[in-house]
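Biologist: Hey, got a minute to walk me through a structure? I'd like to start with what counts as two residues touching.

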Amino acid sequence: MKISRTTSLDAGVEDVFAVIATHAHQQAKVATEHGSSSATITDLGGDRLGVRTERELPTRRMPTVVSSLVGDTLKVTEEQTWHPLRADGTRTADLELHVTGAPIRMRGTVTLSPAGGGSRLVVDADLTCSVPLIGRKVEAAAKPTIEESFDDEVRLLRERLR
């Protein structure tokens with residue numbers, strides 16, 4: 001299932017990236033009232049950066065088809081590998097998300113590009129659940145939560161860029 005989100009930010013690419021590259025921002029992104037969370041930032045050399053976050057989310061408000069696969073909580077791991085700034089002022093990241101103990105994955109890209117006096121942040125990814133017969137239902141149930149997570153991250157970015 002395709003997941004695409006686009007938003008405009010009032011700050012330039014490198015200012016936005018400077019926030020994304022902080023432990024404080026990544027930890028705030030995954031902080032939840034329930035369960036544990038963690039964030040790790042790794043300098044990969046050559047102006048590349050690795051971001052890994054983990055969080056536990058309760059499944060009580062999710063459809064039964066999801067909780068039947070993973071139980072009362074699901075552990076979500078997200079990895080972003082950011083590449084060097086390109087000549088056109090764009091930064092891209094490879095994106096991978098998976099749920100521990102469930103055949104749910106999301107793979108795609110994050111693109112941060114110049115747009116007017118600010119920047120544009122775009123997520124393009126494919127969400128898959130490889131469970132026969134119910135995989136599409138699980139994907140449809142997970143999609144709003146993933147989109148909401150992206151929207152929350154954008155809200156946090158805007159707060160930190162003020």
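Modeller: Sure. Contact means heavy atoms within 4.5 Å. One thing to keep in mind is that this is a predicted model.

Biologist: Okay, so what does V154 touch, leaving out residues up to four places away in sequence?

Modeller: With those left out, V154 is in contact with T7, L9 and L121.

Biologist: And where does V154 sit?

Modeller: V154 is part of helix α4, which covers residues 135-161.

Biologist: Is V154 buried or exposed?

Modeller: Buried. The relative accessible area of V154 is 4%, and the cut-off for buried is under 20%, so V154 makes the cut.

Biologist: Switching to K29: which helix is K29 in?

Modeller: K29 belongs to helix α2, running over residues 23-30.

Biologist: How far apart are the C-alpha atoms of V154 and K29?

Modeller: They are separated by 9.5 Å, while along the chain the two residues are 125 residues apart.

Biologist: Is K29 buried or exposed?

Modeller: K29 counts as buried, because its relative accessibility is 8%.

Biologist: Which side chains does the K29 side chain make polar contacts with?

Modeller: One is the side chain of Q26, at 3.0 Å. Another is the side chain of E78, at 3.5 Å.

Biologist: What else does K29 touch, again not counting residues up to four places away in sequence?

Modeller: E78 shows up there too, along with T53, R55, Q80, E153 and L156.

Biologist: Let's zoom out. How many helices and strands does the chain have?

Modeller: There are 4 helices and 7 strands. Going along the sequence, they come in the pattern β-α-α-β-β-α-β-β-β-β-α.

Biologist: Why would you say the chain agrees with a compact globule?

Modeller: For 162 residues, a compact globule would have a radius of gyration near 15 Å, and the chain has 16 Å, so the two agree. If you want a box around the C-alpha atoms, it's roughly 45 × 30 × 30 Å along the principal axes.

Biologist: What share of the residues count as buried?

Modeller: 41% of the 162 residues do.

Biologist: And what about the surface, how much area does the chain expose?

Modeller: About 8400 Å², with carbon and sulfur atoms supplying 50% of it.

Biologist: Last one, charges: how far apart are the mean positions of the positive and negative ones?

Modeller: They're 3 Å apart, taken over 21 positive and 23 negative charges.

Conventions
Residues numbered from 1 in each chain as written. Predicted model: local features only at pLDDT ≥ 70, side-chain atom pairs only at ≥ 80, totals over all residues. Heavy atoms only, no water. Helix = DSSP H or I, 4+ residues; strand = E, 2+ residues; numbered from the N terminus. Buried < 20%, exposed > 50% of the residue type's maximum accessible area, 1.4 Å probe, protein only. Polar contact = N/O pair within 3.5 Å; in protein donor to acceptor, adjacent residues only side chain to side chain. Rg over C-alpha atoms; globule rule 2.2 N^0.38 Å. Areas by Shrake-Rupley, 256 points an atom, 1.4 Å probe, with all protein chains shown as cover. Lys, Arg positive; Asp, Glu negative; His and termini not counted. Charge placed at Lys NZ, Arg CZ, Asp CG, Glu CD.
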